[in-house]
Amino acid sequence: METAKKLKEKYEKELKELQEDCKHEDISDWLTEEWAPAHSTGWLVKSCNICWKIIQRKTSCPTCKKEIVLNEDEFKSLGYSDEDENTLRQGYCNKKCFIKWSQGIEIE
Ligand SMILES: [Zn+2]
Ligand SMILES: [Zn+2]
């Protein structure tokens, strides 16, 4: 019998295949990415209208306001153990900006 779990797995597998085959020729404008309704992840994303795959993401560093634009593949390859990569994942350009922000230091 089909269960919701199986149905979900099937959907995820087929969606993944669609995203791998898709040429991503119909890309959205920048949209706010939400991890739950009305809860922004802090990133704006461009996704493919055909397969929904995220193609690019951008944010601005809360400390120095520098715009950070990453391809989704670059973003996904960021590690958690390297501190600069980990802070970039959270939308700060590097560890220095993260430390300054967490200490409440303003940069002019
Ligand atoms: Zn696509
Ligand atoms: Zn910064």
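In this predicted model, strand β3 (residues 54-60) and strand β4 pair in the antiparallel sense, and five bridges hold the two in register as partners. One facing pair is easy to pick out: Thr-59 stands opposite Ile-68 in β4. Between β3 and β4 lie six residues, and together the two strands form a hairpin. Within that turn, Lys-65 has a positive phi of about 65°.

The hairpin belongs to a wider arrangement. Four strands make up an open sheet in the order β1-β2-β3-β4, with antiparallel pairing. Two strands stand at its edges, β1 (31-36) and β4 (67-71); each has a single partner strand, so one side of each is left without a neighbour in the sheet. From one strand to the next, the twist averages 35°. As useful background, strands of a sheet pair through backbone hydrogen bonds, either parallel or antiparallel.

At the other edge of the sheet, β1 and strand β2 (residues 39-47) run antiparallel and are joined by four bridges. Here Thr-32 has Leu-44 of β2 as its bridge partner. Returning to β4, how many of its five residues are buried? The number is zero, so β4 lies largely in the open.

Helix α1 (residues 4-21) gives a similar exercise in reading a structure. Its 18 residues should span 26 Å at 1.5 Å a residue, and the end C-alpha atoms are indeed 26 Å apart, which agrees. None of the 18 residues of α1 is buried, so this helix, too, lies largely in the open.

Where, then, are nonpolar residues gathered? The largest nonpolar core has six residues, namely Cys-61, Leu-88, Tyr-92, Cys-93, Cys-97 and Phe-98. Leaving aside residues up to four places away in sequence, Phe-98 touches Thr-87 and Tyr-92. In soluble globular proteins, nonpolar side chains tend to be buried together.

Stepping back to the whole chain, the protein has four helices and four strands, which follow the pattern α-β-β-β-β-α-α-α along the sequence. The radius of gyration is 17 Å, well over the 13 Å that the globule rule gives for 108 residues, so the protein is more spread out than a compact globule. Along the principal axes, the C-alpha trace spans about 60 × 30 × 25 Å. Buried residues make up 11% of the 108 residues. Finally, among contacts with a separation of 6 or more, 32% are between residues 24 or more positions apart.

Conventions
Residues numbered from 1 in each chain as written. Chains lettered and ligands numbered in written order. Predicted model: local features only at pLDDT ≥ 70, side-chain atom pairs only at ≥ 80, totals over all residues. Pairing = 2+ DSSP bridges. Axes fitted to C-alpha atoms, helices over the stretch in contact; angles between N-to-C directions. Buried ≥ 20, exposed ≤ 12 C-beta atoms within 10 Å, placed from the backbone. Core = buried A, V, L, I, M, F, W, Y, C linked by C-beta atoms within 7 Å. Contact = placed C-beta atoms within 7 Å. Expected span 1.5 Å × (residues − 1). Rg over C-alpha atoms; globule rule 2.2 N^0.38 Å.
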